[in-house]
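Good morning, everyone, and thank you for making the time. I would like to walk you through one structure slowly, beginning with the smaller questions of how a chain is built and ending with a few unusual spots in the backbone.

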Amino acid sequence: MANIEIDAPGTSQLFIGNEAIARGALEAGIGFAAAYPGTPSSEILGSLAQIAKKMGIYAEWSINEKVAMEAAAGASYAGVRALAAMKQNGINVVSDFLANLVMSGTGKGGLVLVSCDDPSAISSSNEQDTRPIAKWLDIPLVEPGDFQEAKDMTKWLFDLAEELGTLCMLRSVTRIAHARGNVKLGELPGKQHKAYFDQIHDLKNVMPTKFMPMPSSLRHFFLHMKLDKARDKFELSPFNRYVGPDKPDLLIITCGSCWLYSQDAVKALDLEDKVGILKLGTLWPLPEKFINKHLGKSQKILFVEEIDPFLERSVMEIVANLPSLSPHPTFYGKRSGHINAYGELNPNMVIKAISTVLELTYQPRDVVYGNKAEAVAKSNVPERSMTFCAGCPHRATFWAIRNAIKLDGRDGVVTGDIGCYSMALGPAGFFQVRTMHCMGAGAGVANGLGKLGQFGFDQPVLAVVGDSTFYHATIPALINGIYNQSKFILVILDNSATAMTGFQPHPGTGMTAMGEPTKVISMEALCRSLGARVEVCDPFDLESTTATLLEMMAEGGGAKVAIMRRQCELVRAKKEKLPYKVHVDAEKCIGEACGCDRLCTRIFLCPGLIWDKKTGKSKVDEVICNGCGVCVDVCPQGAIIKEAT
Amino acid sequence: MTKKQLVKDPLNLVITGVGGQGNVMISLIIGNAFVRDGYFVTVGETYGASQRGGPVMSHMRISKETQYSPFIPDGCADIILGMEPVETLRMLGRYGNPGVTTIINPRPIYSIDVTGGHAEYPDLDKLVETVKELSAQTWIINATEEAQKMGSHMFANAILIGALIGSGVLPLDKKSVEPVLCEVFPKEIEANLAAFNKGIKFVRS
């Protein structure tokens, strides 16, 4: 809905943080953008790709984060401003390149990396903080405190990156990246990009950006000079500011979305004349002089930040070098236990921390009402666990895997990784998946399990992986399994989209980010070319899928591939009407008397099937059911009926 | 004509339901209408689980003065728009207060915990009574049922937006919302506008 390319300077738009970052990149005159999808970062490239053709820029979904960053660096070397965007896990994938990129420096085009972190791991396998990576690798780092800053900082960061000739990084978190707020637009540049890789060494430049032969330690020295220059700029940056009285009872030091929570908390407690907030936007290197100026303001200092105590530790390093802080203030934060050492924060948590430090009481609502509301909600609101959508092919796949493992009888093990299919760790996928780490790790772990025959290991091993993950991070593990003859089945859940992050295309879809048709990289052709046995199944055909898996488990030899091919139901439902109208024949369903233990509603757990307590029979919820018809084959009584629409 | 004013700054609106029901759509429409009317709006959404049957909520903070955080502090909701009954109660438990206005669509969506027999869905009539007791004013809008009469349960969202505007709890005119509604639902504009007007009528009758 948001038009990030709208040419209306001065108007306010409602943007999510990611759209604001994309707009900032457009205002900076970006020419090249690359990313791999990952919540909460996906809409940066997603929104740029939509308007790329119109705006004369290039945007791509790369095969993984490392290639995205490397491709963006390529554009920088040819003088084109470039951006790479990813979620926190992607920073790990790209870190080897980053550690070398900081040494080489970038090209004439400013190069910016955006990392979107996910405190509380709402849509992630971990809640890793990427700020310390900037410190570790000497990368200038900024973090926006609201939506306007997300745009303005991005634009400004390209100028800085270009001036310093080094990669600069912008870190955002879910509650900026995926929250919406006002963004006042700036001008869009009309400039055309001229790309050229200039191969002549510029010997006059003391901070060379070209690949002259030079010892790495000397490059490291130059990198530190760039950081010093960045710090000088940061000392004067309007993205760092103090709000509050001259001598506050409490000084909060914060950044990012916690800046918003801190302001909310101070307002809620009505403490605007007693509590000051030092809001930092440039996080590495920290503006030491600017921070020093404010540290003596209060005897009580509270660090409000999410995940790691990055500011807390870094400011302490500054304090250690300060002779003049007397009397020494008391510091509160994660070390003191006033701020949670894990998970995301919110205004309530900051209110509680301030109240504890200043020994105040806070009562947001009438106590009697509050107790009653909490009690009735607690006793009346049932759990609502996440599950696969109605009609999701993964439910059928895991049903087939479950039944094949049961029939095989050797206690087969399923390894997995990140994607919608991670839900198979729980009831949605019948608890089939037993391991979950980074992308592609299921296949890697299976490589080890599949070589344990000499130690008496006889359990069949199945590694499940999504289609996009297959291209991203699984191919080396498959090659390893074929080369080293590890006995496992790679089960590729091919739903023809990067479904978890918003249905982005990938190399198997035949479509680019900018909507151009391209070559389909066939996963079966690729796997067969490696010498693997490959079977392609339709998971909705439960009987034949189960039989194929069972037979593959029994066969000897190295790694094999089973492709479960069915389009993501959410993608299908956008284009087509329901395939079937499904209902339960109340005559045939005999409820608890059946002996099936309510297979459809208690075990199969499709949200489209509900249990009618009054009649003691199953029923289809017509609002939820997507008409896949798979449950028809699950009911032992044949009581579920599908009619073609 | 003088524009309606905020009765409170910030005004805190919670939109809640189950993943897939469309609460993000509703927050987009209301949020954009407010920004076009010159307000600061912050919207925080539950993402990730939003397509997959989990409880979802959007927090909207509306202000003339400043950009608030995307989280409403506990106990501080002014309006709760509930697209599903138990989710409405879940929100009242945490964000409700004696002054809260609640608009509720009393159509249950059972979780897998309920269908699987691990949790109980409460008696619907009692549940609605509890919601009434915990709210200063309550509108019960049979949005799903009415939408199905119009041909698709998907029109329930436009009916609920209509009810929200018709109730007068937001300083937002019908005329500010309609153009945004048309942009967000480019397909079936006529039916969605009809549903929107139906929602307005329900609360005014």
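**Two chains and how they meet**

Let me begin with chain B, where 61% of the 205 residues count as buried. Please keep in mind throughout that this is a predicted model, and that every value I mention has been computed from it.

The secondary structure of chain B amounts to 8 helices and 6 strands, and if you follow the chain from the N terminus, the elements come in the order β-α-β-β-β-α-β-α-α-β-α-α-α-α. Is that chain as compact as a globular protein, or is it not, and why? Its radius of gyration is 16 Å, and the globule rule gives 17 Å for 205 residues; the two are close, so chain B is as compact as a globular protein of that length. Along the principal axes, the C-alpha trace of chain B spans about 55 × 40 × 35 Å. If we take the contacts in chain B with a separation of 6 or more, 65% of them are between residues 24 or more positions apart.

Now let us turn to chain A, which has 20 helices and 24 strands. A compact globule of 645 residues would have a radius of gyration near 26 Å, and since chain A has 28 Å, the value agrees with that expectation. The C-alpha atoms of chain A fill a box of roughly 80 × 75 × 55 Å along the principal axes, and buried residues make up 54% of its 645 residues. Of the contacts in chain A with a separation of 6 or more, 80% are between residues 24 or more positions apart.

How many residues does each chain bring to the contact between them? Chain B gives 56 residues and chain A gives 55. On the side of chain B that touches chain A, the elements giving two or more residues are α1 (23–36), β2 (40–45), α2 (85–95), α3 (112–115), α4 (124–133) and α7 (174–184) of chain B. Among these, β2(B) gives the most, with 6 residues. By type, the residues on this side of chain B divide into 28 nonpolar, 21 polar and 7 charged.

**One helix in detail**

I would like to look more carefully at helix α4 of chain A, residues 88–104. At 1.5 Å a residue, its 17 residues should span 24 Å, and the C-alpha atoms at its ends are 23 Å apart, which agrees. There is nevertheless a kink of about 60 degrees in α4(A), and it is centred on A:Val94.

A:Val94 is also one of the buried residues of this helix, which include A:Ile91, A:Val93, A:Leu98, A:Leu101 and A:Val102. What covers the buried residues of α4(A)? The cover includes α3 (65–77), β4 (82–87), β5 (111–117), α5 (131–137) and α8 (216–235) of chain A. Just after the helix, A:Gly105 takes a positive phi of about 80 degrees.

**The nonpolar core**

In soluble globular proteins, nonpolar side chains tend to be buried together. Here the largest nonpolar core has 262 residues, and those with the most contacts inside it are A:Ala33, A:Ala35, A:Ala72, A:Leu490 and B:Leu160. The largest share of this core, 9 residues, comes from helix α6 (residues 147–164) of chain A. To take one member, A:Ala72, and leaving aside its neighbours within four places in sequence, we find it in contact with A:Phe32, A:Ala34, A:Ala82, A:Leu83, A:Ala84 and A:Leu111.

**Some backbone details**

Finally, where are the cis peptide bonds that I want to show you? One runs from A:Thr39 to A:Pro40, with omega near 10 degrees, and A:Pro40 is found in the loop between β2 (32–35) and α2 (43–55) of chain A. Another joins B:Asp9 and B:Pro10, with omega about 0 degrees, and B:Pro10 is found in the segment before β1 (11–18) of chain B.

A:Ser120, in the loop between β5 and α5 of chain A, has a phi near 75 degrees, which is a positive value in a residue other than glycine. A:Ser120 counts as partly exposed because it has 18 C-beta neighbours inside 10 Å, whereas a buried residue needs 20 or more.

Note on methods
Residues are numbered from 1 along each chain as its sequence is written. Chains are lettered from A and ligands numbered from 1 in the order in which they are written. This is a predicted model: local features need pLDDT of at least 70, side-chain atom pairs count only at pLDDT 80 or more; totals for chains, interfaces and linings use all residues. Two residues are in contact if their C-beta atoms, placed from the backbone, lie within 7 Å. Helices (H or I, at least four residues) and strands (E, at least two) are DSSP runs, numbered from the N terminus. Ala, Val, Leu, Ile, Met, Phe, Trp, Tyr, Cys and Pro count as nonpolar, Asp, Glu, Lys and Arg as charged, and the others, Gly among them, as polar. The radius of gyration is taken over C-alpha atoms; the globule rule is 2.2 Å times the number of residues to the power 0.38. A residue is buried if 20 or more other C-beta atoms lie within 10 Å of its own, exposed if 12 or fewer, and partly exposed in between; C-beta atoms are placed from the backbone. The expected span of a helix is 1.5 Å times one less than its number of residues. The bend at a residue is the angle between axes fitted to the seven residues ending there and the seven starting there. A nonpolar core is a set of buried Ala, Val, Leu, Ile, Met, Phe, Trp, Tyr and Cys residues joined through C-beta atoms within 7 Å.
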